[in-house]
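Reader: I should be grateful for a close look at the interior of this protein. Please describe which parts build it and how they are packed.

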Amino acid sequence: MHDELIWDVEGWRSSPAAALEAQFNRVAADQMAALPFYQAHMPVKACSFQLFEGQWVGAMLTPWMLELVVLPGPDQQWPRRQVGSRLALTFPAGDMAFRVGELTPELHYVACSLMSPLDPHLSPEQAIMLAENSVSLALSLPVRRDAPVNMSRRSLLRGKVA
């Protein structure tokens, strides 16, 4: 017997940031606030959500963690995977390990933990900046360290760097 994927996770036509914030605020109040690593001074904030290769990519900051999050974009349809299952995605910054999460049937997503629990020395402003920079870094052009580079001045002036 094999598991068949059910293609019923519809893509978001516009940013899912507000829906994520609302649901993570509910999780914060209902399940997380009493835990010792919960940092009440931290906001619940969906940061820098943008379309990348047809999917919504952004960072989710909460009082207990920071994650890179991917949800289906406009005209996308994802299979509903088992919550907690893992998959690898390739970003410009490299391969990253994600786990499947679901807050509601519409908020089926994959997330890569960046910091859990949060560093207690971070201010809310620093944490938001870290979240925004994490998205930028994940989507940045890759740097190849193994490519031969000709650094002579003549090559540089002629536009022949490699």
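Author: A residue is called buried here when its relative accessible area is under 20%. The model under discussion is a predicted one. By that cut-off Gln55 is buried, because its relative accessible area is 15%. Gln55 lies in strand β3, and its side chain makes a polar contact of 2.9 Å with the side chain of Trp78. Leaving aside residues up to four places away in sequence, Gln55 touches Gln50, Val70, Leu71, Pro72, Gly73, Gln76 and Trp78.

One of these neighbours, Val70, leads on to the largest nonpolar core. This core has 24 residues, and Val57, Leu68, Val70, Phe91 and Phe98 are those with the most contacts inside it. At least two of its residues come from each of β2 (45-52), β3 (55-61), β4 (66-72), β7 (94-102), β8 (108-115) and α2 (124-138). The element that gives the most is α2, with 4 residues.

Leu68 shows how these elements meet. Apart from residues up to four places away in sequence, Leu68 is in contact with Val57, Gly58, Ala59, Phe91, Met96, Phe98, Val110, Ala111, Cys112, Leu114, Val135 and Ala138. There is also a second core, separate from this one, with 20 residues, among them Phe24, Val27, Ala28 and Trp64.

The strand pairing can be set beside this packing. β4 and β8 are antiparallel partners, paired over 5 bridges, and Leu68 stands opposite Cys112 of β8. β8 also runs antiparallel to β7, to which 4 bridges join it. In that pair, Gly101 has Tyr109 of β8 as its bridge partner. The connection from β7 to β8 is a hairpin of 5 residues.

Helix α1 (residues 17-32) completes the description. Its buried residues are Ala17, Leu20, Gln23, Phe24, Val27, Ala28 and Met32. These residues lie on the same side of α1, because they cover an arc of only 150° around the axis. The general geometry is familiar: an α-helix has 3.6 residues a turn, so residues three or four places apart point the same way. Exposed residues on the face of α1 turned away from the buried side are Ala18, Ala29 and Asp30. The cover over the buried residues of α1 includes β2, β3, β4 and β8. Of the buried residues of α1, Phe24, Val27 and Ala28 are included in the second core.

Terms used: Residues are numbered from 1 along each chain as its sequence is written. This is a predicted model: local features need pLDDT of at least 70, side-chain atom pairs count only at pLDDT 80 or more; totals for chains, interfaces and linings use all residues. Side-chain values use heavy atoms; hydrogens and water are left out. A nonpolar core is a set of buried Ala, Val, Leu, Ile, Met, Phe, Trp, Tyr and Cys residues joined through side-chain atoms within 4.5 Å. Buried means under 20% relative accessible area, exposed over 50%, partly exposed in between (1.4 Å probe, protein chains only). Contact means heavy atoms within 4.5 Å. Two strands pair if DSSP finds at least two bridges between them. A polar contact is a pair of N or O atoms within 3.5 Å; within protein, one must be able to donate a hydrogen and the other to accept it, and residues adjacent in sequence count only if both atoms are side-chain atoms. The arc is that of the directions from the helix axis to the C-beta atoms.
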